Amino acid sequence: MHIITPTEVVTIQFIPRISIANGVVKVIDESENKDISSDITHSYGSYSNGFTNMSLVFKADSFPVEGRFYTFKAYANNGQTLCYQDRLFCTSQTDFEKYTTNEGVYTEETSYNNEFVII
């Protein structure tokens, strides 16, 4: 899963199954089950050591929405061959080591001790 920010330009680095020529990108908003690919232009950046860098440029009125998941698919050969698929999660938080999706939802039980009694 890639973590993206709610901005106009998002850069994703991934390892495609095959090299991408004449690529097509499909992005689906999972909350609304809506294909937003037509609101995105994309460009392939560098390709080195098996990694592809891709920039997704969203139109001004269709930036990724905070807290939503997106399905991302990259196709090669004018959309004929699926070469990469993953999920995107949009958040403006930057401290990913401390990030939790359960913030304020789950509370840990602390009323017990973890001692064993052997008789």
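**F69 is partly exposed, at a relative accessible area of 25%.** The cut-offs are these: buried is under 20% relative accessible area, exposed is over 50%, and partly exposed falls in between (1.4 Å probe, protein chains only). R87 lies over the face of F69, at 4.3 Å from the ring centre. A charge counts as sitting over a ring when NZ of Lys or CZ of Arg is within 6 Å of the ring centre and within 35 degrees of the ring normal. The model is predicted: local features need pLDDT of at least 70, side-chain atom pairs count only at pLDDT 80 or more, and totals for chains, interfaces and linings use all residues. Residues are numbered from 1 along each chain as its sequence is written, and side-chain values use heavy atoms, without hydrogens or water.

**Aromatic rings pair up across the strands, with a count of 4 pairs.** Rings of Phe, Tyr and Trp (its six-membered ring) pair if their centres lie within 6.5 Å; planes under 30 degrees apart are stacked, over 60 edge-to-face, and the rest tilted. F14 and Y84 are stacked, because their ring centres are 4.4 Å apart and their planes meet at 25°. F14 sits in strand β2 and Y84 in strand β8, so this pair ties together parts that are 70 residues apart in sequence. Strands (E, at least two residues) and helices (H or I, at least four) are DSSP runs, numbered from the N terminus. F14 is buried, at 2% relative accessibility. Y84 is buried too, at 13%. F69 and F89 make a tilted pair, 4.6 Å from centre to centre with 40° between the planes. That pair also links distant parts of the chain: F69 is in strand β7, F89 in strand β8, and their positions lie 20 residues apart in sequence. F89 is buried at 5% relative accessibility. F14, F72 and Y84 belong to one aromatic cluster.

**The largest nonpolar core holds 19 residues.** A nonpolar core here is a set of buried Ala, Val, Leu, Ile, Met, Phe, Trp, Tyr and Cys residues joined through side-chain atoms within 4.5 Å. I12, F14, V27, M54, L56, F72 and A74 touch the most other members. β2 (9-14), β3 (24-29), β6 (51-58), β7 (69-76) and β8 (81-90) each supply at least two residues of this core. In soluble globular proteins, nonpolar side chains tend to be buried together.

**V27 has contacts with residues elsewhere along the chain.** A contact means heavy atoms within 4.5 Å. Beyond its neighbours within four places in sequence, V27 touches K34, D35, I36, S37, I40, Y70, T71 and F72.

**One open sheet has 5 strands with mixed pairing.** The strand order is β1-β8-β7-β3-β4. β1 and β4 (34-35) stand at the edges with a single partner strand each, so one side of each is left without a neighbour in the sheet. Two strands count as paired if DSSP finds at least two bridges between them. β1 (residues 2-4) runs parallel to β8, joined by 3 bridges. H2 has L88 as its bridge partner in β8. β3 and β7 pair in the antiparallel sense over 6 bridges, with I28 opposite T71 in β7.

**The hairpin of β7 and β8 has 4 residues between its strands.** N77 takes a positive phi near 55° in this hairpin. 8 bridges join the two strands, which run antiparallel. Y70 stands opposite L88 in β8.

**H42 lies in strand β5 (residues 40-48).** H42 is partly exposed at 29% relative accessibility. Leaving aside neighbours within four places in sequence, H42 contacts G23, V24, V25, M54, S55 and L56. The C-alpha atoms of H42 and V9 are separated by 9.4 Å, although the two residues are 33 apart along the chain.

**The whole chain has 0 helices and 8 strands.** Of its 119 residues, 28% count as buried. Among contacts with a separation of 6 or more, 60% join residues 24 or more positions apart. The protein exposes about 8,300 Å², with 48% supplied by carbon and sulfur atoms. Accessible areas come from the Shrake-Rupley method with a 1.4 Å probe; for residues, only the protein chains shown count as cover.
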